[in-house]
Amino acid sequence: MFTAARAQLPVPVRTLAVNLPSRSLRGLQALSDKMLWVSGTQGMVGRSTNGGETWQWFKVASDSCDFRSIYAFDSLQAVVLSIGSPALLYRTADGGQSWKLVYANHDKDIFFDGLVFLDNREGIAVGDPLKDKDGNERFTILRTHDGGRSWALDPMEARPPAHPGEAVFAASNSSLAALPDGRSVFVTGGAVSRIFFNNGTRNRVIRDNNCSVYPLPLIQGANSTGAFSVAFRDQQNGIIVGGDYKNDTLRERNCFVTSDGGRTWQAPVAPPGGYQSAVTWVNNHTVASTGTSGTYLSYDGGKTWQKIGSGYNAIMKARQGNRVFLAGKEIAVMNGN
């Protein structure tokens with residue numbers, strides 16, 4: 001797919017599902033070219049076993065519940081996490097037919113932004129900062145060690161400190177990602193934009209929770225600006241996208257790539273045409289991203305971009321497959337894959 005011979009040809013986006021029972025989808029999991037899960041507003045979760053051609057929809061919680069984060073293990077097991085208070089985390093083991101509440105947080109200021117698993121047992125969720133006993137803000141870190149059946153917050157003193165006005169965005173469940181070596185990484189925005197590498201491993205996620213933190217060159221300084229999504233194709237090569245969601249046609253500092261594990265970042269020659277909320281690697285050279293400004297494709301690792309369609313909230317290449325799926329007010333797939 002996306003061979004060099006097609007490098008200059010636009011890849012149209014084909015709509016799979018419209019008139020959804022959820023007004024907005026931000027959670028997307030593509031396990032294979034056929035197996036998909038999505039989550040969103042109205043407490044809804046969707047599941048497809050035929051590449052998005054038909055869907056089963058499940059009412060997991062009340063209409064006020066916005067499930068912006070989802071992780072699926074296989075066709076039967078998945079977990080979903082809502083954003084604001086109360087933060088609710090549910091797990092299914094029967095393909096969505098029934099859901100068990102496995103975690104709830106009623107702190108009035110709680111707000112979770114992303115959820116990912118490092119393997120089938122170790123999972124992590126990241127939320128906006130809460131104040132410690134001294135009034136300092138620290139990012140919220142929630143973990144599981146048993147495949148999402150039980151969860152616990154990291155001790156406050158072990159959580160990464162935040163700058164005033166710094167937060168994580170919950171636009172696409174991709175501000176937090178897993179790296180091949182078993183670490184997690186998340187990106188921030190608002191007053192400042194940074195990247196946090198959790199130096200704990202799968203076996204030491206609590207005892208060794210220190211982070212390596214690097215500044216990001218994305219546009220920042222306002223609560224609508226910064227990094228919204230991060231993706232690494234290996235330990236060294238990664239990409240971040242974002243911008244200003246309140247000024248979504250602004251192309252200034254909305255995309256950067258790294259080849260040294262996130263220590264330094266380079267701007268593209270021709271960036272995407274505005275705000276981008278999600279990015280995914282298609283192969284070693286091809287990257288796809290989306291946001292309210294449109295969906296874009298790069299055949300040279302993020303150096304130059306071309307628009308291929310209208311915008312969505314989330315985008316993901318199948319974990320065990322080749323197809324690239326998108327979700328927002330509709331569900332779609334990139335043609336030709």
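## The four-stranded open sheet

In this predicted model, in which local features need pLDDT of at least 70, side-chain atom pairs count only at pLDDT 80 or more, and totals for chains, interfaces and linings use all residues, an open sheet of four strands follows the order β15-β16-β18-β19 with antiparallel pairing; strands pair if DSSP finds at least two bridges between them, and a strand is a DSSP run (E, at least two residues) numbered from the N terminus. The edge strands, each pairing on one side only, are β15 (176-178) and β19 (211-215). On average, neighbouring strands of this sheet are turned by 20 degrees against each other, direction ignored, where the axes are lines fitted to C-alpha atoms and angles run from 0 to 180 degrees between N-to-C directions.

Residues are numbered from 1 along each chain as its sequence is written, and side-chain values use heavy atoms, with hydrogens and water left out. Strand β15 is joined to the antiparallel strand β16 (residues 184-187) by three bridges, and A178 has S184 in β16 as its bridge partner.

## Strand β3 and its two hairpins

Strand β3 (residues 36-40) is largely enclosed by the rest of the structure, because five of its five residues are buried, where buried means under 20% relative accessible area, exposed over 50%, and partly exposed in between (1.4 Å probe, protein chains only). L36, V38 and G40 point one way from β3, while W37 and S39 point the other way, and all are buried.

On one side of the sequence, strand β2 (residues 25-30) pairs with β3 in the antiparallel sense over five bridges, G27 having S39 as its bridge partner in β3, and a hairpin through five residues joins β2 to β3. Strand β4 (residues 44-48) also pairs with β3 in the antiparallel sense, over four bridges, with V38 standing opposite G46 in β4. The hairpin formed by β3 and β4 has three residues between the strands, and Q42 in the turn has a positive phi of about 60 degrees.

## The β20-β21 hairpin

Strand β20 (residues 225-232) is mostly covered, with eight of its eight residues buried. Seven bridges pair β20 with strand β21 (residues 238-244) in the antiparallel sense, among them one in which I239 of β21 is the bridge partner of A231. A hairpin through five residues joins β20 to β21.

## Cysteines

The structure holds zero disulfides, a disulfide being a pair of cysteine sulfur atoms within 2.5 Å. C65 is buried, with a relative accessible area of 6%, whereas C211 is partly exposed, with a relative accessible area of 23%.
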